[in-house]
Number of protein chains: 4
Amino acid sequence: MERIASNKPKRTATEIAEQIKSLVEDPKLVEQRRKQITKAAIAAFIRHGYHPCTIRNIAKQAQVSVGLIYQYVGDKEDLLFLALVEILRAYKEGIPSAVAGVDEPLQRFCTVVRAYCTIHSGSPDATTLAYRETASLSKERRDAIKQLEVETNQLIIDPIRACIAAGIFERHINEDVLCYQIVMFSHTWALKAWNLQPRMTLETYLEDGLRLMLGGVMTAKGAEQYGVLTGNAKP
Amino acid sequence: MERIASNKPKRTATEIAEQIKSLVEDPKLVEQRRKQITKAAIAAFIRHGYHPCTIRNIAKQAQVSVGLIYQYVGDKEDLLFLALVEILRAYKEGIPSAVAGVDEPLQRFCTVVRAYCTIHSGSPDATTLAYRETASLSKERRDAIKQLEVETNQLIIDPIRACIAAGIFERHINEDVLCYQIVMFSHTWALKAWNLQPRMTLETYLEDGLRLMLGGVMTAKGAEQYGVLTGNAKP
Amino acid sequence: MERIASNKPKRTATEIAEQIKSLVEDPKLVEQRRKQITKAAIAAFIRHGYHPCTIRNIAKQAQVSVGLIYQYVGDKEDLLFLALVEILRAYKEGIPSAVAGVDEPLQRFCTVVRAYCTIHSGSPDATTLAYRETASLSKERRDAIKQLEVETNQLIIDPIRACIAAGIFERHINEDVLCYQIVMFSHTWALKAWNLQPRMTLETYLEDGLRLMLGGVMTAKGAEQYGVLTGNAKP
Amino acid sequence: MERIASNKPKRTATEIAEQIKSLVEDPKLVEQRRKQITKAAIAAFIRHGYHPCTIRNIAKQAQVSVGLIYQYVGDKEDLLFLALVEILRAYKEGIPSAVAGVDEPLQRFCTVVRAYCTIHSGSPDATTLAYRETASLSKERRDAIKQLEVETNQLIIDPIRACIAAGIFERHINEDVLCYQIVMFSHTWALKAWNLQPRMTLETYLEDGLRLMLGGVMTAKGAEQYGVLTGNAKP
DNA sequence: TATGAATGAGGTTTCATTCAT
DNA sequence: AATGAATGAAACCTCATTCAT
């Protein structure tokens with residue numbers, strides 16, 4: 001869709017969002033209205049999908065007029081962007097608060113995985129929306145969203161590195177592969193709920209998956225620790 | 001969107017596809033034209049996305065007139081359905097031909113994983129399309145597509161079971177979780193190409209991932225065999 | 001065209017018209033715009049015929065945009081329905097106001113006939129439109145339109161009965177046949193204007209026709225009265 | 001639709017029909033195929049209405065291919081014209097054969113009325129079609145159809161004149177008005193079948209109508225004769 | 001600032017007509 | 001002569017966006 005490989009310095013998602021133009025001056029009001037509209041947009045996009053969703057759908061959901069939306073946002077794509085940023089932001093912010101105070105590397109790793117997975121399982125539709133509709137954004141915005149994803153991934157990679165450094169995980173493992181393994185493991189519960197949910201609980205899924213992933217990466221020392229944590233002799 | 005929970009016997013994807021009505025009688029011609037149109041539709045949907053893609057885009061891609069498409073298909077959604085069925089059919093058929101003649105369980109498992117991943121990496125856009133746009137189908141068709149997915153998954157689950165039966169994989173592993181682990185592992189290379197491709201080759205990705213997954217599920221006996229297969233002392 | 005014999009309670013034309021959904025809330029505006037659009041639709045349907053007439057034709061005639069029409073009406077058939085209802089409503093309302101204050105039965109009968117005929121002759125194209133295009137409506141709406149016709153016929157049958165009761169018309173005459181005789185007599189002037197207008201005036205047509213019809217139904221007493229009314233010794 | 005008042009010599013319906021161009025040479029075949037296609041067109045136009053009816057509908061009805069129709073006819077309007085001509089021709093030809101051998105003026109008049117009415121009641125849909133769709137023709141063809149109607153009317157006017165000449169009908173009656181009275185009386189049974197048929201038989205309708213019309217036009221001498229004919233002392 | 005009526009470009013779909021076989 | 005697949009113009013309708021109030 002975009003032919004021109006622009007060399008503009010890349011803007012972050014936050015910068016792009018801040019530069020979305022609003023006809024309204026009062027920043028307080030802009031923030032409040034945007035929040036309200038974005039929330040409605042997420043709900044409406046989830047219900048209908050981005051393209052089939054109309055501005056009227058969103059206005060109705062937000063209990064405002066169509067015109068009001070265009071006071072705070074330039075076009076429909078802006079709404080999608082704000083929606084996706086909001087979804088990813090929630091994911092990204094959810095993890096640190098879940099692992100706060102958990103310092104031991106393996107435990108921290110497990111907590112991150114559980115948190116990440118739990119967060120996604122809490123709003124599977126939003127996860128699905130992000131999957132489906134990121135491609136509907138312009139390149140710059142798509143890239144900014146990807147960058148958010150990368151930053152979130154970092155929250156997973158850090159504990160992996162800590163585990164490696166602590167000798168709990170094998171030294172030679174590919175941290176990117178493992179990270180995406182975890183990411184996709186979490187998304188899978190959301191994306192494939194129709195197949196998985198009838199067959200197991202989130203807890204079973206999480207623990208079985210965790211054991212499976214850990215089994216592939218732990219050192220003997222790590223395995224020992226994991227046994228202590230879970231009460232099992234062996235992962 | 002659909003309110004009525006119909007109790008009609010579910011039709012398979014193939015049945016639905018066969019019942020898409022064509023104004024043209026000659027079955028030979030119908031098959032040939034549908035193939036041509038479906039191929040064009042896949043390309044056009046990949047380029048634009050389903051909703052933004054116009055029938056004229058597809059007609060142009062297929063080098064036929066707009067009217068011709070409607071001689072072979074009832075509406076735009078039929079085109080999406082045919083496109084997705086074709087994509088999944090290719091995936092499903094690709095695996096058996098790849099593992100033909102490989103009988104040893106572990107080797108068969110590894111071959112399946114490699115085949116599955118390679119197939120998806122060969123047409124990452126199609127994988128992405130299937131991910132994004134299945135939701136744009138009516139419920140019956142969405143379900144039929146999911147069923148195709150389940151059938152393909154079976155091609156992965158079978159070797160898993162064989163490995164368990166052969167004592168190569170741990171008895172207690174959750175085969176569904178492992179299966180989806182593999183599925184998502186393969187899709188990830190397609191979906192997250194933008195992040196992964198700059199950092200590793202498909203081969204690295206595959207072998208690192210395979211080692212990671214196997215490490216979590218293999219018995220001591222399995223590990224020994226794996227060492228023999230790969231020339232490594234230890235996975 | 002309609003297969004299902006529904007047992008829903010039949011809605012009147014007015015009810016159906018009121019239930020045509022509009023995206024605009026303000027009832028005042030809806031009424032005004034609908035009136036404007038219906039008027040334009042009548043003109044456009046008369047000019048082109050219902051099927052060949054395009055929404056753009058109507059929009060142009062009404063001096064509004066195409067989109068505006070769809071704010072006040074669901075589809076093209078709604079426009080036809082509103083047009084026909086408006087036409088028949090005008091006919092139906094025209095009669096009572098014409099005969100107001102005329103109480104003597106025979107005179108009232110003659111006045112009704114003259115009024116009915118004059119009204120139709122005033123907008124022969126509209127009469128023709130109603131004739132041609134009622135069949136283009138869905139069954140329910142067609143039935144509602146027929147019901148309007150029946151109600152209008154009643155305005156003719158009532159004076160007939162009064163004349164019979166007053167001994168002016170023969171007791172044994174078939175009031176339905178006479179009624180339709182009058183109805184068709186009136187429509188004929190509109191429908192067959194191309195043949196009749198060059199050969200006589202509406203007045204001639206009316207008086208000759210009236211004399212003809214009265215001659216067939218009047219008693220001796222009636223004939224006497226008619227002579228007094230017209231100044232002729234004999235009808 | 002047509003702005004230009006052309007001064008071309010008017011062609012009769014038969015001439016126009018004969019000049020409709022056919023790609024096929026053999027006149028025998030042309031006649032046979034046209035007959036087949038016209039018959040199918042009448043049925044299809046009755047079922048769907050002219051505009052909604054597709055060429056495919058007609059081809060199917062005629063059990064021929066779409067292409068074949070265009071070998072014998074220039075366009076869709078030709079089909080409508082041929083259909084209407086055929087319908088009116090049947091009406092026109094039906095009357096003389098019905099009155100053949102009836103020479104007494106009053107009896108001949110009554111026979112014509114009964115024949116005309118019976119013919120129309122036999123194919124009410126065709127009557128309705130002629131009413132609705134004549135307007136869909138080009139002006140020249142519309143005029144030619146009207147001319148056919150005029151010629152048919154002459155078959156009614158002739159007996160009226162004979163009755164006047166014989167002193168059976170009043171000398172001063174308007175023969176055009178009476179003629180159309182009869183025409184519309186006959187059409188009414190077809191057009192308003194939905195209202196009339198549940199309430200009376202064609203026989204009742206005919207005799208009540210005939211008595212009504214005759215009552216308006218007969219001289220004393222005529223009334224006497226009518227009494228002899230019907231066995232009633234008085235119309 | 002907020003509203004929602006108005007606009008019109010553009011998408012899907014139909015179908016009269018053509019033309020290669 | 002007959003077929004029916006192919007064409008593409010044009011219709012209906014939707015909906016993102018604007019603008020007067």
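**View 1. Sugar and phosphate dominate the face of DNA strand E that lies within 4 Å of the protein.** In this predicted model, 70% of those strand E atoms belong to sugar or phosphate, and the rest belong to bases. The surface near DNA strand E comprises 18 nonpolar, eight polar and eight charged residues. Of the 34 residues around the strand, Arg33(A), Tyr72(A), Tyr70(B), Arg33(C) and Tyr72(C) come nearest.

**View 2. Phosphate oxygens of DNA strand E pair with polar atoms of chains B and D.** A polar side-chain atom of Tyr70(B) sits 2.5 Å from a phosphate oxygen. For Tyr70(D), a polar side-chain atom is 2.9 Å from a phosphate oxygen of the strand. Ile55(D) uses its backbone: a polar atom there lies 2.8 Å from a phosphate oxygen of strand E. Elements giving two or more residues to this surface are α2 and α4 (66-72) of chain A, α4 (66-72) of chain B, α2 (27-48) and α4 (66-72) of chain C, and α4 (66-72) of chain D.

**View 3. DNA strand F is surrounded by 34 residues.** The closest are Arg33(B), Tyr72(B), Val24(D), Arg33(D) and Tyr72(D). Of the strand F atoms within 4 Å of the protein, 70% are in sugar or phosphate and the rest in bases. The surrounding surface divides into 18 nonpolar, eight polar and eight charged residues.

**View 4. Polar atoms of chains A and B meet a base and phosphates of DNA strand F.** A side-chain N or O atom of Gln71(B) is 2.7 Å from a base nitrogen. A polar side-chain atom of Tyr72(B) lies 2.3 Å from a phosphate oxygen. From chain A, a backbone N or O atom of Lys76(A) is 3.0 Å from a phosphate oxygen. Two or more residues of the surface near strand F come from each of these elements: α4 of chain A, α2 (27-48) and α4 of chain B, α4 of chain C, and α2 (27-48) and α4 of chain D.

**View 5. Helices α2 and α5 cross within chain A.** The axes of α2 (residues 27-48) and α5 (residues 76-99) come within 9 Å and cross at roughly 90 degrees. The two helices are therefore roughly perpendicular. From α2(A), the contact includes Ile37(A), Ala41(A) and Phe45(A). From α5(A), Leu79(A), Ala83(A) and Ile87(A) are among the partners. By class, the contact has nine nonpolar, one polar and three charged residues.

**View 6. Chain B superposes on chain A with an RMSD of 0.1 Å.** The operation is a turn of 179 degrees with a shift of 0.0 Å along the axis. That is the relation of a two-fold axis. The copies meet through the same surface, because 100% of the interface residues of chain B are also interface residues in chain A.

How values were computed. Residues numbered from 1 in each chain as written. Chains lettered and ligands numbered in written order. Predicted model: local features only at pLDDT ≥ 70, side-chain atom pairs only at ≥ 80, totals over all residues. Heavy atoms only, no water. Least-squares fit on C-alpha atoms with pLDDT ≥ 70 in both. Contact = heavy atoms within 4.5 Å. Axes fitted to C-alpha atoms, helices over the stretch in contact; angles between N-to-C directions. Helix = DSSP H or I, 4+ residues; strand = E, 2+ residues; numbered from the N terminus. Parallel < 35°, antiparallel > 145°, perpendicular 65-115°, else oblique. Nonpolar A, V, L, I, M, F, W, Y, C, P; charged D, E, K, R; others polar. Near = heavy atom within 4 Å. Polar contact = N/O pair within 3.5 Å; in protein donor to acceptor, adjacent residues only side chain to side chain.
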